[in-house]
Amino acid sequence: MVVDIVRHVEPDVPVVFFDSGLEFPETYSYVLELAQTWKLDLYRVPSEPSLLEVLVRSGQWDHGAPGTPDRIDLHEVLIGEPSRRAHEQLGPGELWGVRADESAARRALYARSGRRDGVVARADGTVAYGPIWNWPDTDVWAYIGREGLPVNPVYAKLAALGVPESSRRVSHMIDGSHLERGRLTWLRRGWPTLFEQLADALPRIREFV
């Protein structure tokens, strides 16, 4: 949605896709089709190593792993390091769709900025601006409906699976968070083959379905 807002002002703005390696298959198709339809200047920035590689190496998902599992800083893996590479290539500024209503952590992020305009200035000299930082869910979906924007089909699939509306957030297929809320049950029901492939690499995910 933020991409749509920005492209009406600057059609050639670079668009960055952080690829964890564990996105839903529909997400990859959606991003590619959107980039082609809107003629986006799209940059894919993959996690290095991939999220799956990090989870496997940690030992936290293997019953037979020796010793104490390594602590994983997923924020660094999924956001921090890819973000640094993107800024090095494209410059210090960014626009994002992070909203305060999405979580307590995001509300705290904007509160710590000390501003009321959606701007977050970081110690490393980069600056993020969230044009919809204070929009509620209803305004987001109203804009999408009014503009007729294409929606990631994962949302519709989650709805068809009976996922509560408050939990229909499209992210990585698995990242180790909020698993007790049914994420892996929905994954197994909606994407059974992918679930089995992940369970081969991360046996303990079966404990959450």
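**Notebook: helix 3, the small sheet and two single residues**

I began with helix 3 and found that its buried residues pack against helix 4 (74–90), where I take contact as heavy atoms within 4.5 Å and buried as under 20% relative accessible area, exposed as over 50% and partly exposed as in between, with a 1.4 Å probe and protein chains only. I note that this is a predicted model, in which local features need pLDDT of at least 70 and side-chain atom pairs count only at pLDDT 80 or more, while totals for chains, interfaces and linings use all residues. Residues are numbered from 1 along each chain as its sequence is written, and side-chain values use heavy atoms, with hydrogens and water left out.

**Helix 3**

I looked up which residues are buried in helix 3 (residues 51–58) and listed L51, V54, L55 and S58. They lie on the same side of helix 3, because the arc they cover around the axis is only 95°, the arc being that of the directions from the helix axis to the C-beta atoms. After helix 3 comes G59, and I noted its positive phi, near 80°. For helices (H or I, at least four residues) and strands (E, at least two) I use DSSP runs, numbered from the N terminus.

**The sheet**

I then turned to the three strands that form an open sheet with mixed pairing, in the order 3-5-4. Strand 3 (93–95) and strand 4 (119–121) are at the edges with a single partner strand each, so one side of each has no neighbour in the sheet. From one strand to the next the twist averages 15°, with axes taken as lines fitted to C-alpha atoms, for helices over the stretch in contact, and angles running from 0 to 180 degrees between N-to-C directions. Strand 4 pairs with strand 5 (residues 127–129) in the antiparallel sense over three bridges, where two strands count as paired if DSSP finds at least two bridges between them. For V119 I recorded Y129, in strand 5, as the bridge partner.

**Two single residues**

I checked L34, which is in helix 2 (residues 25–38), and entered it as buried because its relative accessible area is 14%. Leaving aside residues up to four places away in sequence, L34 touches K39, L40 and P150. From L34 to P131 I noted 97 residues in sequence and 20 Å in space, C-alpha to C-alpha.

I looked last at E180, in the loop between helix 7 (153–160) and helix 8 (183–190), which counts as exposed because its relative accessibility is 61%. Its C-alpha atom is separated by 41 Å from that of P11, and E180 and P11 are 169 residues apart along the chain.
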